Amino acid sequence: MNGVNGVNGPDKTVSTAAEAVADIGHGASVAVGGFGLTGVPGTLIRALYEQGTGGLDIVSNNCGVDGDGLGILLAAGRIRRVTGSYIGNNAEFARRYLCGELEVELTPQGTLAERLRAGGCGIPAFFTPAGIGTQVADGGLPRSHTPDGRVAAVSPPREIRVFDGRPHLLERALTTDFALVRAARGDRHGNLVFAKTARNFNPLAAMAGRITVAEVERLVEPGELDPDQVHLPGVFVQRVVPLTPRQAAHRPVERRTVRTP
């Protein structure tokens with residue numbers, strides 16, 4: 001492959017989402033792109049739900065909403081653990097967490113992004129000032145509950161070091177068995193372009209996955225993407241699933257608002 005836009009390289013396209021996620025087994029760890037419902041790989045999530053995979057360890061900014069995105073897997077009891085930043089308005093998430101059905105590791109949003117990026121770059125850990133003076137650094141954030149709502153396990157305290165007179169806490173990088181992402185355009189080599197805010201966590205999740213599957217709204221041929229416009233090079237992507245027009249048009253809105261006349 002000659003650079004990010006070379007015409008020589010493997011064809012990574014897979015005909016169906018079901019085929020692309022078929023080897024994601026019980027207990028797998030999966031990084032999932034998206035923010036709210038923007039840029040969420042809904043077709044791949046639905047395929048994972050339909051094949052019945054469970055016991056999943058999910059890394060994602062949030063866990064979808066009731067009835068959409070990762071919320072589909074959550075409601076079916078397929079998710080065992082979540083590493084994320086925002087619980088949001090997902091009532092089922094809160095219920096399962098407080099009733100002891102779900103383990104949750106909460107992490108600051110910027111820290112989550114950097115943990116994924118670091119994992120993709122082969123950096124095992126890093127120090128950050130984010131979380132100093134809170135339970136993120138000191139420990140004690142509830143990670144799981146008993147069925148009657150009592151705290152069963154809490155986060156441990158972090159190692160603290162001082163750099164230039166300012167305390168920083170140690171954060172471990174994140175890598176996962178698989179990653180699921182959604183892109184606006186992609187070529188057969190896995191080079192991806194994301195649309196505006198739908199870029200969000202998608203490139204970072206893709207970097208962290210050992211096997212990354214991308215659903216793309218429009219598949220183009222190698223050489224059609226301007227190298228300067230590629231947001232994620234194909235070296236981080238192992239499978240590309242072209243969406244049908246109907247699948248590509250499905251872009252749910254988490255909270256629709258309209259302007260008063």
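Here is a walk through this predicted model, from its main core out to its loops. Residues are numbered from 1 along each chain as its sequence is written, and side-chain values use heavy atoms, with hydrogens and water left out. Because the model is predicted, local features need pLDDT of at least 70 and side-chain atom pairs count only at pLDDT 80 or more, while totals for chains, interfaces and linings use all residues.

Let's start inside. In soluble globular proteins, nonpolar side chains tend to be buried together. A nonpolar core here is a set of buried Ala, Val, Leu, Ile, Met, Phe, Trp, Tyr and Cys residues joined through side-chain atoms within 4.5 Å; buried means under 20% relative accessible area, exposed over 50%, and partly exposed in between, using a 1.4 Å probe and protein chains only. The largest such core has 29 residues, and the members that touch the most others are Ile 24, Val 30, Leu 44, Leu 56, Ile 58, Ile 79 and Leu 180. Two or more residues each come from α1 (17–20), β1 (29–32), α2 (42–50), β2 (56–59), α3 (71–75), β3 (79–84), α4 (91–98) and β10 (176–187). These element names follow DSSP runs, numbered from the N terminus: helices are H or I with at least four residues, strands are E with at least two. The largest share, four residues, is from α2.

That helix is worth a closer look. Thr 43, Leu 44, Ile 45, Ala 47 and Leu 48 are the buried residues of α2. After α2 comes Gly 52, with a positive phi near 85°.

Next, follow β2. Leu 56 and Ile 58 point one way from this strand, Asp 57 and Val 59 point the other way, and all are buried. Leu 56 has plenty of company: leaving aside neighbours within four places in sequence, its contacts (heavy atoms within 4.5 Å) are Ile 24, Gly 25, Ala 28, Val 30, Leu 48, Leu 73, Arg 78, Ile 79, Arg 80 and Arg 81. Apart from the largest core there is another one, of 22 residues, with Val 59, Phe 194, Ala 208 and Ala 214 among them. β2 runs parallel to β1, joined by three bridges; two strands count as paired if DSSP finds at least two bridges between them. Across that pairing, Val 30 sits opposite Ile 58.

Now to a sheet. Strands of a sheet pair through backbone hydrogen bonds, either parallel or antiparallel. Here three strands make an open, antiparallel sheet in the order β5-β9-β8. β5 (125–128) and β8 (160–163) stand at the edges with a single partner strand each, so one side of each has no neighbour in the sheet. On average, neighbouring strands of this sheet are turned by 40° against each other, direction ignored. Axes are lines fitted to C-alpha atoms, for helices over the stretch in contact, and angles run from 0 to 180 degrees between N-to-C directions. Helix α5 (residues 109–121) lies across β5 and β9, at about 155° to β5.

β8 pairs with β9 (residues 166–172) over four bridges, in the antiparallel sense, and Arg 161 faces His 168 in β9. In the loop between β8 and β9 you'll find Asp 164, a non-glycine residue with a positive phi near 55°. Asp 164 is exposed, at 86% relative accessible area.

Lys 196 is another non-glycine residue with a positive phi, about 50°. Lys 196 lies in the loop between β11 (192–193) and α7 (202–208) and is exposed, with a relative accessible area of 76%.

A hairpin comes next. Strands β6 (residues 142–145) and β7 (residues 151–154) run antiparallel, joined by three bridges, with His 145 partnered by Val 151. Five residues lie between the strands of this hairpin, where Gly 149 takes a positive phi near 95°.

For a contrast with those loops, try Thr 212 in strand β12 (residues 209–220). Thr 212 is buried, with a relative accessible area of 0%. Beyond neighbours within four places in sequence, Thr 212 is in contact with Ala 179, Val 181, Ala 206, Phe 236, Val 237, Gln 238 and Arg 239.
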